[in-house]
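Q: Please take me through some of the labels used for this structure, setting each value against its cut-off.

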Amino acid sequence: MATLDSLSLFTGLGLSEHKARETLKNTALSAQLREAATQAQQTLGSTIDKATGTLLYGLASRLRDTRRLSFLVSYIATALEYVRSHPLDPIDTMDFEQECGVGVMVTPEQIEEAVEATINRHRPQLLVERYHFNMGLLMGEARAVLKWADGKMIKHEVDMQVLHLLGPKMESDLEKKPKVAKARLEETDQRTARDVMENGEAAGRTLSLMEQLRGDALKFHKPGENYKTPGYVTTPHTMDLLKQHMEITGGQVRTRFPPEPNGILHIGHAKAISFNFGYAKANSGICFLRFDDTNPEKEEAKFFTAIYDMVTWLGYTPYKVTYASDYFDQLYAWAVELIRRGQAYVCHQRGEELKGHNPLPSPWRDRPMEESLLLFEAMRKGKFSEGEATLRMKLVMEDGKMDPVAYRVKYTPHHRTGDSWCIYPTYDYTHCLCDSIEHITHSLCTKEFQARRSSYFWLCNALDVYCPVQWEYGRLNLHYAVVSKRKILQLVAAGAVRDWDDPRLFTLTALRRRGFPPEAINNFCARVGVTVAQTTMEPHLLEACVRDVLNDTAPRAMAVLESLQVIITNFPAAKSLHIQVPNFPADETKGFHQVPFASIVFIERTDFKEEPEPGFKRLAWGQPVGLRHTGYVIELQHVVKGPSGCVESLEVTCRRVDAGEKPKAFIHWVSQPLTCEIRLYERLFRHKNPEDPVEVPGGFLSDLNPASLQVVEAALVDHSVALAKPFDKFQFERLGYFSVDPDSRQGQFVFNRTVTLKEDPGKV
């Protein structure tokens with residue numbers, strides 16, 4: 001049947017029956033021609049005529065590098081279609097090249113995003129039908145978005161994302177798809193959709209992070225069963241190495257969080273920290289904090305300290321803090337062994353020659369092993385200048401990158417090893433081998449490292465060392481944010497923000513300074529969940545998690561941003577009273593604090609209006625208002641104005657609440673207050689995607705929100721905060737949640753507004 005189908009396909013391309021049968025005898029050629037024809041049909045969306053078929057046959061029979069087949073077919077099919085659709089017009093070269101995709105670059109990230117969007121559209125049905133779903137539909141929709149993408153790369157991405165969404169196939173997935181009444185299926189799809197996602201937010205009860213990570217929840221392999229993982233590469237030595245691994249670890253789950261110490265961690269790293277440490281904790285394992293310190297040019301001591309501080313601030317304790325530099329001697333010895341095994345060579349191509357998707361093959365790839373050994377030793381001894389020589393591994397990665405660099409020359413002193421080394425290993429070389437040394441069971445990486453999975457398995461197997469399993473998950477991003485180290489430095493240089501910890505940023509140090517509790521960040525990561533597809537969330541979802549935590553943990557206080565003096569002319573005592581205010585009005589068992597209540601109080605200027613609009617419920621002529629926690633109501637008697645006509649103070653009388661009609665509203669106030677500075681923050685950028693050139697053509701620096709910071713220099717706050725320390729948090733009643741900033745000094749507090757209250761303070 002397959003032969004008849006292929007024969008029909010080939011004759012349909014214009015080959016004679018005799019030529020088609022001869023082609024079928026050549027297995028490799030017939031396979032390439034079948035793939036080329038299928039690709040062309042997907043591109044054109046119609047049958048293939050003889051002219052196109054002839055070109056496809058010539059391409060399939062002459063092309064030696066089959067990895068380029070899909071790429072070239074797209075161009076051939078589109079070029080012919082363009083010529084056919086412009087039979088009389090003179091060919092416009094620029095228009096022709098644009099139509100054919102000349103100069104178009106499709107990155108792995110674009111493919112990932114297109115596939116992610118396609119899968120999200122069909123997610124409810126996928127979860128219901130699982131592997132019975134028509135995967136060709138996903139391929140077709142993703143291909144329609146990225147016309148010039150490599151079909152194989154799209155298929156691989158679809159396979160990977162579906163695998164991570166559904167897990168390995170189960171017995172039920174291998175059974176024939178049952179027939180289900182259409183109405184019933186639609187009802188199931190809708191119910192599943194509601195269960196999975198509701199308006200972009202997780203519906204129903206959010207599982208805790210530990211619940212999401214415990215046991216078989218993620219379909220991960222069990223320690224020692226690496227070989228059961230789809231795509232895991234085995235060798236004759238695999239089982240012996242796994243046996244030794246199990247003897248060393250005792251079957252314990254081992255993960256690691258491996259940041260580069262060249263910048264400050266951001267909200268995306270919080271997900272990585274929660275995932276790595278959380279998975280180990282949920283399964284009674286251990287997690288290493290390993291600094292990938294292989295690039296001395298960019299590393300600074302302050303980043304090591306800041307990263308460790310943020311990990312512990314989030315509530316995690318590393319089993320052990322390690323450094324890639326701990327293993328420099330072993331890594332070098334393995335590099336020598338790799339050369340001896342004919343799997344690495346010293347190359348002299350310059351960095352610019354290695355850039356791009358299709359760099360020229362190295363002319364030194366086949367140099368004698370003995371020669372590479374001598375040259376690598378010369379690199380080690382400092383006999384080459386930077387960029388003059390590299391050590392490269394002999395493999396092709398998923399994204400087509402050929403022979404990645406393992407070692408390069410750098411004469412910058414290392415923060416730990418000083419001048420002991422002048423060659424340093426790359427991430428592609430270091431990552432998997434450090435995982436192997438530490439006997440990591442689950443190497444959890446973000447999706448951009450998926451293209452390095454082949455080199456991960458290849459390198460461990462090439463050296464016959466224990467090979468962990470690399471699992472990828474989607475990054476966490478936020479709208480209205482920039483987290484790139486380079487771009488944050490640009491913001492600092494432009495004066496748009498003060499430093500890495502400016503509370504308008506989404507670095508972890510900035511979030512801590514703004515007052516975000518670590519519990520809220522962990523809860524947010526749990527609410528987002530461990531997804532394979534990249535997740536971009538709205539900041540208000542993170543802020544909701546912050547409110548949930550602070551509502552239960554931040555004691556109440558009263559503060560006034562724009563004050564208006566109020567004189568109570570019939571104050572009921574000769575001196576100030578002491579008012580007991582509950583720290584948490586909803587739960588008075590959590591204690592009280594005292595605030596003074598005197599004949600002069602200060603209220604928010606916006607809580608008074610001489611000529612109120614309809615619906616205004618606070619202080620006005622003929623409209624008394626209650627003072628929170630005092631048991632008193634004040635009523636306006638006289639408005640004192642300055643020469644310019646501006647209201648300077650109010651004179652009021654007071655009465656007990658129970659001595660008359662209950663007022664329409666109760667407002668906050670302060671008496672004998674402390675003066676403080678309060679910083680009010682809004683979004684730093686005006687658009688959701690400030691780095692998107694379509695949304696923000698002028699670049700992210702042109703998208704800054706001029707109102708992202710408002711400083712109130714003479715705000716007033718009650719005395720209950722007098723002993724507060726930096727990072728202490730309060731709810732200022734009717735205003736929001738605030739945190740003490742480290743800029744605070746003796747007698748001069750500085751507060752950052754963390755988040756506003758859910759309610760509109762004007763309607764309280």
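Q: Where does E538 lie, and why is E538 called buried or exposed?
A: In this predicted model, E538 sits in the loop between β11 (535–537) and α25 (539–553). Its relative accessibility is 18%, and because buried means under 20%, E538 counts as buried. Leaving aside residues up to four places away in sequence, E538 touches L478, H479, Y480 and K688.

Q: What makes the pair K155 and D159 a salt bridge?
A: The closest N and O atoms of K155 and D159 are 3.0 Å apart, and since the definition asks for a side-chain nitrogen of Lys or Arg within 4 Å of a carboxyl oxygen of Asp or Glu, the pair qualifies as a salt bridge. Both residues belong to helix α10 (residues 151–166), 4 residues apart, which is about one turn of the helix.

Q: How do you know whether R367 and E371, which form a salt bridge, are buried or partly exposed?
A: R367 has a relative accessible area of 13%, under the 20% limit, so R367 is buried; E371, at 35%, falls between 20% and 50%, and is therefore partly exposed.

Q: Why is α17 described as roughly perpendicular or roughly parallel to α20?
A: The axes of α17 (residues 328–340) and α20 (residues 427–437) come within 11 Å and cross at roughly 115 degrees. Because angles of 65 to 115 degrees count as roughly perpendicular, that is the term for α17 and α20. The residues of their contact divide into 8 nonpolar, 2 polar and no charged.

Note on methods. Residues are numbered from 1 along each chain as its sequence is written. This is a predicted model: local features need pLDDT of at least 70, side-chain atom pairs count only at pLDDT 80 or more; totals for chains, interfaces and linings use all residues. Side-chain values use heavy atoms; hydrogens and water are left out. Axes are lines fitted to C-alpha atoms, for helices over the stretch in contact, and angles run from 0 to 180 degrees between N-to-C directions. Helices (H or I, at least four residues) and strands (E, at least two) are DSSP runs, numbered from the N terminus. Angles under 35 degrees count as roughly parallel, over 145 as roughly antiparallel, 65 to 115 as roughly perpendicular and the rest as oblique. Ala, Val, Leu, Ile, Met, Phe, Trp, Tyr, Cys and Pro count as nonpolar, Asp, Glu, Lys and Arg as charged, and the others, Gly among them, as polar. Buried means under 20% relative accessible area, exposed over 50%, partly exposed in between (1.4 Å probe, protein chains only). Contact means heavy atoms within 4.5 Å.
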